[in-house]
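Colleague: Could you pick one strand of this model and give me a close look at how it is placed? After that, I would love to be led outward to the rest of the fold.

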Amino acid sequence: MISITDKSGCCGCSACQAICPHDAVVMLPDGMGFQYPVVNQERCVDCGLCDKVCDFTKGRKAESLRSDMDVYAARHKDGRILSRSQSGGAFTAISDVVLEGGGVIYGAVFDRDLSVRHSRAVTAEERNLFCGSKYIQSRMEDTFRSVLNDLKSGRQVLFSGTPCQVAGLKSYVPDRYLDSIIFLDFVCHGVPSPAVWKSYVEDMGRYGKIVSACFRDKSLVGWKGHKESFAYSDGSTRSGETFRVLFYKNIMLRPGCGSCKYDIYNRSSDISIADFWGIDAICPQMDGNSGTSMIIVHT
């Protein structure tokens with residue numbers, strides 16, 4: 001059975017929970033809000049599936065960066081989409097293709113308490129809730145099982161998440177369904193503490209009832225700046241940089257992020273997206289304050 005003795009050896013993807021046929025594995029938060037698997041000894045039959053499905057503990061050999069890797073700069077033509085996207089709107093463009101074909105999209109959304117979890121979308125309106133970066137680790141809950149159910153029913157699926165979440169899902173999904181799922185991840189700096197974010201939200205709540213939050217508000221300082229903002233029920237807004245500063249100081253990231261196995265050489269995804277920093281030097285005509293996406297094609 002799976003047993004976490006060193007927190008740096010777990011990424012919290014939840015594959016071990018999803019694959020357990022006896023529901024013996026549950027994901028529980030530690031003091032920082034990061035979830036880790038805990039085994040119910042009374043339910044466990046020691047089948048070993050949880051250990052087998054864990055991709056994070058498998059040794060990975062770094063490969064040389066392919067000389068033929070396709071890297072694109074992209075910006076959506078629709079200004080409204082750009083305004084709600086963190087960079088150039090690549091996720092919306094890619095997911096639109098899947099939705100138009102009757103497919104299903106999975107991504108991270110804010111809960112009412114501004115915590116973050118993964119969710120399922122079959123319409124553009126539902127998918128739009130996934131837009132914009134979420135700078136904390138999302139709860140997967142029953143997402144992996146839901147993805148597999150959609151695949152079994154013949155639906156195409158686009159799953160978006162961190163590189164480790166993608167790797168966990170890819171290890172969980174049987175090979176016969178892999179042609180029906182597109183794995184999309186993003187260039188990741190590491191996942192910050194949900195508990196620190198919760199504390200920050202509670203502190204900002206002293207100014208009134210918060211109705212929405214944005215981790216990087218382009219309307220404040222443009223795409224290349226970084227300030228978080230909060231909108232209140234009375235129509236007012238407040239911005240700050242507290243969470244940004246903590247994030248870039250690397251003092252509240254998940255322990256496993258320091259030994260991440262999924263750098264650009266070892267992606268399990270089909271596509272990686274990111275902000276295209278440095279686009280001004282490479283392709284000035286694609287630079288702009290509205291944002292530019294980088295799209296890296298792996299398959």
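Modeller: Happy to, and let me start with a term: two strands count as paired when DSSP finds at least two bridges between them. By that rule S11 and S12 pair, with five bridges joining them in an antiparallel arrangement. Please keep in mind that this is a predicted model.

Let's stay with S12, which covers residues 293–297. On its other pairing, S12 is matched with strand S3 (residues 70–74), again antiparallel and again over five bridges. Two residue pairs help to fix the register: Ile271 stands opposite Val297 in S12, while Tyr72 stands opposite Ile295. The strand is mostly covered, as five of its five residues are buried. Looking at the directions of the side chains, Ser293, Ile295 and Val297 point one way and Met294 and Ile296 the other way. Both of these sets are buried.

From S12 we can step back to its partner S11, which spans 271–275 and follows a loop that starts from helix H10 (242–248). Cys257 sits in that loop. Cys257 is partly exposed because its relative accessibility is 26%. Leaving out residues up to four places away in sequence, Cys257 touches Gly190 and Val191. Its C-alpha atom is 29 Å from that of Arg75, a residue 182 places away along the chain.

Speaking of cysteines, you may wonder about disulfides: a search of the whole structure finds zero. Cys44 is a good example, because its sulfur is 6.3 Å from the closest cysteine sulfur, in Cys50, and that is too far for a bond. Cys50 is in no disulfide either, with the nearest cysteine sulfur, that of Cys47, lying 6.3 Å away. Cys50 counts as buried because its relative accessible area is 9%, and Cys44 counts as partly exposed because its value is 23%.

Another sheet is worth a visit. It is an open, antiparallel sheet of three strands in the order S8-S9-S10. Its edges are S8 (210–214) and S10 (237–240), each pairing on one side only. Neighbouring strands here are turned by 20° against each other on average, with direction ignored. Four bridges join S8 to S9 (residues 228–232), and Ser212 stands opposite Ala231 in S9. Helix H8 (residues 194–204) lies across S8, S9 and S10, at about 45° to S9.

Just along the chain is His226, in the loop between helix H9 (218–221) and S9. His226 is buried because its relative accessibility is 13%. Its side chain makes a polar contact of 3.0 Å with the side chain of Tyr248. Beyond residues up to four places away in sequence, His226 touches Tyr135, Phe215, Arg216, Val221, Glu241, Arg244 and Tyr248.

Now for the nonpolar interior. The largest nonpolar core has 34 residues, and those with the most contacts inside it are Phe144, Val147, Phe159, Leu169, Tyr172 and Ile181. Several elements supply at least two residues each, including helix H6 (143–152), strand S6 (157–161), helix H7 (163–172) and strand S7 (181–186). H7 gives the most, with five residues. Val147 shows how the parts meet: leaving aside neighbours within four places in sequence, it contacts Tyr106, Val157, Phe159, Leu169 and Ile181. There is also a second, separate core of 18 residues, and Val116, Trp197, Ala213 and Phe215 are among them. Phe215 is one of the residues that His226 touches, which brings us back to the loop we just left.

One last stop is helix H4 (residues 90–100), where the buried residues are Ala90, Phe91, Thr92, Ile94, Ser95, Val98 and Leu99. Just after H4, Gly102 takes a positive phi of about 85°.

Methods:
Residues are numbered from 1 along each chain as its sequence is written. This is a predicted model: local features need pLDDT of at least 70, side-chain atom pairs count only at pLDDT 80 or more; totals for chains, interfaces and linings use all residues. Side-chain values use heavy atoms; hydrogens and water are left out. A nonpolar core is a set of buried Ala, Val, Leu, Ile, Met, Phe, Trp, Tyr and Cys residues joined through side-chain atoms within 4.5 Å. Buried means under 20% relative accessible area, exposed over 50%, partly exposed in between (1.4 Å probe, protein chains only). Contact means heavy atoms within 4.5 Å. A disulfide is a pair of cysteine sulfur atoms within 2.5 Å. Axes are lines fitted to C-alpha atoms, for helices over the stretch in contact, and angles run from 0 to 180 degrees between N-to-C directions. A polar contact is a pair of N or O atoms within 3.5 Å; within protein, one must be able to donate a hydrogen and the other to accept it, and residues adjacent in sequence count only if both atoms are side-chain atoms.
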